[in-house]
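Colleague: Could we take a close look at the aromatic rings in this model? I would like one connected account of how they pair.

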Amino acid sequence: HPDDFTLRRDTGRGVDWPLGYDELEPYYDEVEQFIGVSGPAEYPWGGPRSAPYRHPPLPLNGAARLMERACAEVGVRTSPAANAALSRPQEQEGYGTRPACSNRGFCQAGCSNGAKASMDVTYIPLALKHGAEIRPNCFVTEIERDGQGRVTGVVYTQNGQPKRQRCRHLFLCAGAVETPRLLLLNEIGLDSGQVGRNLMAHPGLQVFGTFADEVRPNKGIPGALISQDTHRPKDADFAGGYLLQSIGIMPVTFAGQVARGRKLWGPKLREYLRSYNHVAGINILGDCLPHADNFLELAEEKDARGLPKPRLHFTAQPNEQRMNQHAERTMRGIWEAAGATDIWSFQRYAHVIGTARMGLSGDDAVTDRDGRVFGVPNLYISDNSTFPSALSVNPALTIMALSLRTADRFLESLK
């Protein structure tokens, strides 16, 4: 949603992005068309799309069908979700033919046939086709600079052997943990005091229920159905909002969550797991506000390479706590309408975000709106560490869209 980028303007809470949805929208569309997103022709929320999804939506699994019927009863709108998995075959440049999803449901463990748009079947083959060199099993430890502070190269290990690569420009894309860790280790970009700060994670509360009919929650695309009626709830006592989505979950993953969430073990755990095929879940993905108490720092403890480990501090603040309470009431009401019994919730947070945010000034941000680190003109960051706010959606599409925009701005700067 466009208003995801202007949370502070609209609510007085959080941080606004230094660029708007309109600047990223063409890149969202480019990514979706390239990787092959399957989604609905009409979507009840947000403005009209500039182009339709490349493929029709994937079929609804058992949990999604239950959620769809129950939401209709309680007046919550739903839609088949857009998913980065193919509902029909697609030719992929540099790779070949990617087949349609077989609805096995093991998406989070890795796709066996290439229907899911992971990097190994999309951007990596494209890069290789155009001359890129992939160096596996590498770990960068040092960023070298000259007397003017410009990056001149990196020192890294490959299979335990130290190596050096000189460079004219460096793109740091290590994620919201390893990117700030590397900056802190090399004392780069620290003038704003924001490296490692503003650590965020999406509230991802899950609510499960047991049903008389068989559900088989491991089958089909996991997040098949979505609702964004709660994007900005009218009765909210918190800033931002969240989306609702049906859950597909593997048996081992589910067993672990039952043990942690319900404190069941031994015979009681085995007895409950016998009902696994009759269980369905809903979860949220919600906004998270940056907070001074949530941050990453270097620990005294060293890793196997002798480098300080990253230590993360994260506690759900009142805004996230109130959001979870609102969401749990909403999801329990949906499952009650569906006829579920033994309804219970599992507290969780998803995705590590922030820690090197972008902004308009080096006074309170690590990078500018193009991903370039303030004070280091040939160093760019292109990952979810640059997010000023969490956005109440999965970050993957925005990471890819931002990377394309950063690449375009970088190429324009060379002209």
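To begin with one residue, is Phe208 buried or exposed?

Modeller: This is a predicted model, and in it Phe208 has a relative accessibility of 1%, which lies under the 20% cut-off, so Phe208 counts as buried. The ring of Phe208 pairs with that of Phe254: the centres are 5.2 Å apart and the planes stand at 70 degrees, and because an angle over 60 degrees counts as edge-to-face, this pair is given that name. Phe208 belongs to strand β9 (residues 206-210) and Phe254 to helix α6 (residues 251-262), so that the pair links distant parts of the chain, 46 residues apart. Phe254 is likewise buried, with a relative accessible area of 0%.

In all, the count comes to 18 aromatic pairs. Another of them joins Phe34 and Tyr123, whose ring centres lie 4.7 Å apart with the planes at 40 degrees, so this pair is tilted. Here too distant parts of the chain are linked, since Phe34 is in helix α2 (residues 21-35) and Tyr123 in helix α4 (residues 123-129), with their positions 89 residues apart. Phe34 counts as buried, at 17% relative accessibility.

Ring pairs also link Phe5, Trp17, Tyr21, Tyr28 and Phe387 into a cluster. Finally, some rings have a charged side chain over them: Arg49 lies over the face of Tyr53, at 3.7 Å from the ring centre, while Arg197 lies over the face of Phe295, at 4.4 Å from the ring centre.

Terms used:
Residues numbered from 1 in each chain as written. Predicted model: local features only at pLDDT ≥ 70, side-chain atom pairs only at ≥ 80, totals over all residues. Heavy atoms only, no water. Phe/Tyr/Trp six-rings, centres within 6.5 Å; stacked < 30°, edge-to-face > 60°. Helix = DSSP H or I, 4+ residues; strand = E, 2+ residues; numbered from the N terminus. Buried < 20%, exposed > 50% of the residue type's maximum accessible area, 1.4 Å probe, protein only. Lys NZ or Arg CZ within 6 Å of the ring centre and 35° of its normal.
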